[in-house]
Amino acid sequence: VDAPGDRRIELPDGAEMVVRPGVVGDIDGLAALYAGLPDDDIYLRFFSARRPGRELFERMVSVGERGGALLVAEVRGGGHAETPGQRVGEIVGDAWYSLVPDGDGEFAITVAPSWRGWLGAYLLDALLEIAAARGVPNLEAEVLLRNRAMMALVRRRGCVRMGEDGSSVRVAVASAGRIPSWPPAAGHPRALVEGRRSWAPHEEAARRGIEVVVCPGPPARSAQCPALAGGVCPLVEGADAVVLSLAPGDDRTRELVRAHHRLRPGLPVLVTDRSSPPDAEQPVTVLAHTLTDEEVVELVLRELGAAGKEPPR
Ligand SMILES: CC(C)(COP(=O)(O)OP(=O)(O)OC[C@H]1O[C@@H](n2cnc3c(N)ncnc32)[C@H](O)[C@@H]1OP(=O)(O)O)[C@@H](O)C(=O)NCCC(=O)NCCS
């Protein structure tokens, strides 16, 4: 209850829930939690029908030794002791991250079916608190697009998309504040796509060596978009090019182009032709909606090249 991430909650029936770091003694509790998951949850969590073995739980409880963190939610006492199938000290959820080479953490969350509805978000917040306290800037996760619950959870935390492969996406949430940053060791060149949840040319751009982050930006972030609020957006700050895609007639496009030029003079800005026409004095490349993904990526590469930011060969 004193360390970052620790929580204690009184439950209505006299039981209490404790959120605390997982330890070796939790291996059996974790095994019971995963044994109780339906097949589809196993698939959503592991991208495979194979149920995890004990080595996963051993890896989870020792992740702290490798710079990561594990939190478990444990329910103790109260009516839960009498409920069939529920034991005292039952582990009803876990959230953990391990460090990945780009300098962020990679996380996963599991909540027992009967405890879903709020616990997932609660555990994610507690885990983000630990990451922030340890200077890990973002937590990333690989999520199946059909995992609606997980997608809802990360969207609510203002996630951006870092990768896309048809059936799954790589998302990132900021550990402190609402706006994720580029991972500390992310490569170049970097294209920030704003105004969309997903970007059709994402995979093609990645294939051509561009690091891409897709941020819904305004309108999804509305008041929270730091670039519009006159502040500094960490994603714009670290980008080599920006692609803007906002609704037609939206004059926030103009405001954003101005804000980006102010923050990063000379930063290549491309706008899709869905966006309102830019001001004449602000040089931008317009991406016609008739372009193929390949053509869009060609134009982004041309702008990056003109700015001296070609992908490494
Ligand atoms: C992902 C998970 C941890 C979320 O748990 P939770 O936040 O406690 O609760 P829920 O599952 O009810 O989902 C939370 C949100 O998803 C929404 N949601 C749930 N099922 C949904 C569905 N089928 N379609 C659309 N939205 C859905 C809920 O309405 C809620 O959104 P809100 O916060 O905007 O109201 C939990 O569902 C889980 O353990 N799933 C299996 C393992 C897994 O997939 N883990 C993530 C992969 S790393």
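How many residues surround the ligand, and which are the closest? The count is 20, and the closest are Ile 109, Val 111, Gly 117, Gly 120 and Asn 147. Keep in mind that this is a predicted model. Besides the ligand site, there are two cavities of 30 Å³ or more to look at, and Val 171 is a handy residue to start from, since it helps line the largest cavity.

**Around the ligand**

- Ile 109, one of the closest residues to the ligand, has a polar backbone atom 2.8 Å from a ligand nitrogen atom.
- Ala 149 also offers a polar backbone atom, and here the partner is an oxygen atom of the ligand at 3.5 Å.
- With Arg 156 it's the side chain that takes part: one of its N or O atoms sits 3.0 Å from an oxygen atom of the ligand.

**Val 171 and its surroundings**

- You'll find Val 171 in strand 8, which covers residues 168–174.
- Val 171 has a relative accessible area of 1%, under the 20% cut-off, so it counts as buried.
- Setting aside neighbours within four places in sequence, Val 171 touches Leu 139, Glu 140, Ala 141, Val 143, Val 154, Cys 159, Val 160 and Arg 161.
- Take Leu 139 from that list of contacts: it is 32 residues from Val 171 along the chain, yet their C-alpha atoms are separated by 8.3 Å.

**The largest cavity**

- This one holds about 60 Å³ of space.
- Its lining is made up of Met 151, Arg 155, Cys 159, Val 160, Arg 161, Val 171, Arg 197, Val 214 and Pro 216.
- Helix 5 (148–156) and strand 7 (160–164) are the elements that give two or more residues to that lining.
- By type, the lining residues of the largest cavity split into six nonpolar and three charged, with no polar ones.
- Cys 159, Val 160 and Arg 161 turn up in this lining, and they are also among the contacts of Val 171.

**The second largest cavity**

- About 40 Å³ of space lies in here.
- Met 162, Trp 182, Pro 183, Ala 186, Glu 211, Val 212 and Val 213 form the lining of the second largest cavity.
- Strand 10 (residues 211–215) gives the largest share of that lining, with three residues.
- Six of the lining residues of the second largest cavity are nonpolar, none is polar and one is charged.

Technical notes. Residues are numbered from 1 along each chain as its sequence is written. This is a predicted model: local features need pLDDT of at least 70, side-chain atom pairs count only at pLDDT 80 or more; totals for chains, interfaces and linings use all residues. Side-chain values use heavy atoms; hydrogens and water are left out. Helices (H or I, at least four residues) and strands (E, at least two) are DSSP runs, numbered from the N terminus. Buried means under 20% relative accessible area, exposed over 50%, partly exposed in between (1.4 Å probe, protein chains only). Contact means heavy atoms within 4.5 Å. On a 1 Å grid over the protein atoms alone, a cavity is a set of points where a 1.4 Å probe fits but cannot get out, and a pocket is an open set with protein on both sides within 12 Å along at least five of seven lines; lining residues have an atom within 4 Å of a point. Grid points are joined across faces, edges and corners, and a volume is the space filled by probe spheres set on the points. Ala, Val, Leu, Ile, Met, Phe, Trp, Tyr, Cys and Pro count as nonpolar, Asp, Glu, Lys and Arg as charged, and the others, Gly among them, as polar. A residue is near a molecule or strand if one of its heavy atoms lies within 4 Å of it. A polar contact is a pair of N or O atoms within 3.5 Å; within protein, one must be able to donate a hydrogen and the other to accept it, and residues adjacent in sequence count only if both atoms are side-chain atoms.
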